[in-house]
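Thanks for making time this morning. Please have the sequence and the model open side by side while I talk.

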Amino acid sequence: MKAFMDQNFLLQTETAQKLYHESAKHLPIIDYHCHLNPREVAEDHRFRSITELWLGGDHYKWRAMRICGTPERCITGDASDYEKWLAFATTMPKLIGNPLYHWTHLELKTAFGIDKILNPKTAREIYEECNEKLQQPEYSARGLMRRYNVEVVCTTDDPIDSLEHHIKCRDDKFECKVLPTWRPDKAMAVESPAAFKAYIDRLAEVSGVEIRSFTTLIDALEVRHRYFESVGCRLSDHGIEEFYAEDYTQQEIEQIFAKVYGGTQLTDEEIRKYKSAMLVEFGVMDHKTGWTQQFHFGVIRNNNSRKMASIGVDTGFDSIGDFTLAKNMAKYLDRLDQQNALTKTILYNLNPKDNEVLATMAYTFNDGTCPGKIQLGSGWWFLDQEDGMKKQMNALSSLGLLSRFVGMLTDSRSFISYPRHEYFRRILCNLIGDWVENGEYPEDFAAAGGLVRDICYQNAVKYFRLEDEKPFCIFFEIRGVNVSLRDHKGKNGVSKSAHAGKPYIIGKHRCPHMVHQHKHHCDNMKTDGG
Ligand SMILES: [Zn+2]
């Protein structure tokens, strides 16, 4: 029998183990889509308890607790932190086969160094140990990001957001890049005229553009888009039920805008036309700046209206939808491609039936301008568990190219969800390990390890153009010499003369590469004595 979640968890073969431990484990994390609150990073938030950190916003856990019959009071209600914690610990033994069981124990181990099994008997001691550690400075928001070797996070932000927290992180020289993501869902939400008008008025204020028409709305959004670009944004993200690709004329869209802005409810057809036009405009904006556009689709949100009324939206009452996808998605992508305005695109399906549709659709729009230009996104939400990830990667390798995949993201609100990258890396290494062990891929660790490093890290760095964003490559303290440094690609770095006797910090080393490559890269650094 294998040990419970030991160092070789999910790694069934020796090859998988070697690949994971040598090629994947130490790589930094690029979390290119998440829902962290940037204010908490900017303020380096300290958590009052494990309940706040773990149960405060995690609707995965809330769903599981509800399935177990836990009263809402102990989930999102006014129960004390410990009552909520105990309710979750009581749920834990019932979670066999659910990824929460693995994520929870991975998080306890990697964040807090706790190897115990969480259940009602251990609840108290684990609670106290976690809370005690959370009092220590290294368990702040930034401390936790450092602990997990997070190099970049891309949060999810509205076009009217000030991005002040991202700017603060940058100005503080926080070594993890906290970049915004453009998520303009509210500019698409014309179902409710009053809320839409309020949003548009706010957008006008923030952008300084008087919005009187659809055309001026786009002008205002472009102002904000450029602002996001200036703060380091590299991605957009759209949460849509399905792809909208109705035919429309500019005149029709102007009339629809005037109608909804004037407070009149739109017809279904008008809503679809408006959204179709917006998606094209957003696609064109992203193409101009070379961003990557992401589409998360296929969810039916807030199914339970009684719960929505009492607890609010996005509280764990969403499900997989079964929308028809292929024709509209192809029409939308083709519309942009026809005007040579199709930017890099990641498609995240929520229904696993769509894996193959997307994998084949993606390569019809690859045009040689960028490796893996159109991507089938990693298993998302209900699919970011072992079965979902395997199915996604099998579709990708059978029908597309796994090797060009930009890999995993947490999509999380929690500062200790980063073990989801570890979980993904283990599953990936196991998959590649099986191919090698079965004689379906050569026993060439340099090649297989290279694939693993690409998928877990390097592809994302290149695809999202994060290379320029990386901190310079070594922490140097030099006294009384002139120093010139080049980075590992031979590009000239800084050249500084240090003041005699005074330590002079040239740059900070966070080598993004494998530990065994580290030396090679740093050998490229030259110092000239002076
Ligand atoms: Zn998300």
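Before I turn to what covers one of the helices, let me fix a term: two residues are in contact here if their C-beta atoms, placed from the backbone, lie within 7 Å. Please also keep in mind throughout that this is a predicted model.

To begin with the whole chain, there are 21 helices and 14 strands, and buried residues make up 41% of the 530 residues. If we take the contacts between residues at least 6 apart in sequence, 73% of them join residues that are at least 24 apart.

Now to helix α4, which spans residues 59-67 and in which Lys 61, Trp 62, Ala 64 and Met 65 are buried. Viewed down the axis of α4, these buried residues fall within an arc of 165 degrees, so they line one face of the helix. As a general reminder, an α-helix has 3.6 residues a turn, so residues three or four places apart point the same way. What covers the buried residues of α4 includes α3 (50-55), α5 (81-91) and α6 (99-112). After α4 comes Gly 69, with a positive phi near 85 degrees.

My other example is the pair formed by α17, residues 355-363, and α18, residues 386-399, whose axes come within 9 Å and cross at roughly 35 degrees. The crossing of α17 and α18 is right-handed. On the α17 side the contact is made by Asn 355, Glu 356, Ala 359 and Thr 360, and on the α18 side by Lys 391, Gln 392, Ala 395, Leu 396 and Leu 399. Sorted by class, that contact of α17 with α18 has 4 nonpolar, 3 polar and 2 charged residues.

Technical notes:
Residues numbered from 1 in each chain as written. Predicted model: local features only at pLDDT ≥ 70, side-chain atom pairs only at ≥ 80, totals over all residues. Axes fitted to C-alpha atoms, helices over the stretch in contact; angles between N-to-C directions. Helix = DSSP H or I, 4+ residues; strand = E, 2+ residues; numbered from the N terminus. Left-handed = near helix turned anticlockwise from the far one by under 90°. Nonpolar A, V, L, I, M, F, W, Y, C, P; charged D, E, K, R; others polar. Buried ≥ 20, exposed ≤ 12 C-beta atoms within 10 Å, placed from the backbone. Arc of directions from axis to C-beta.
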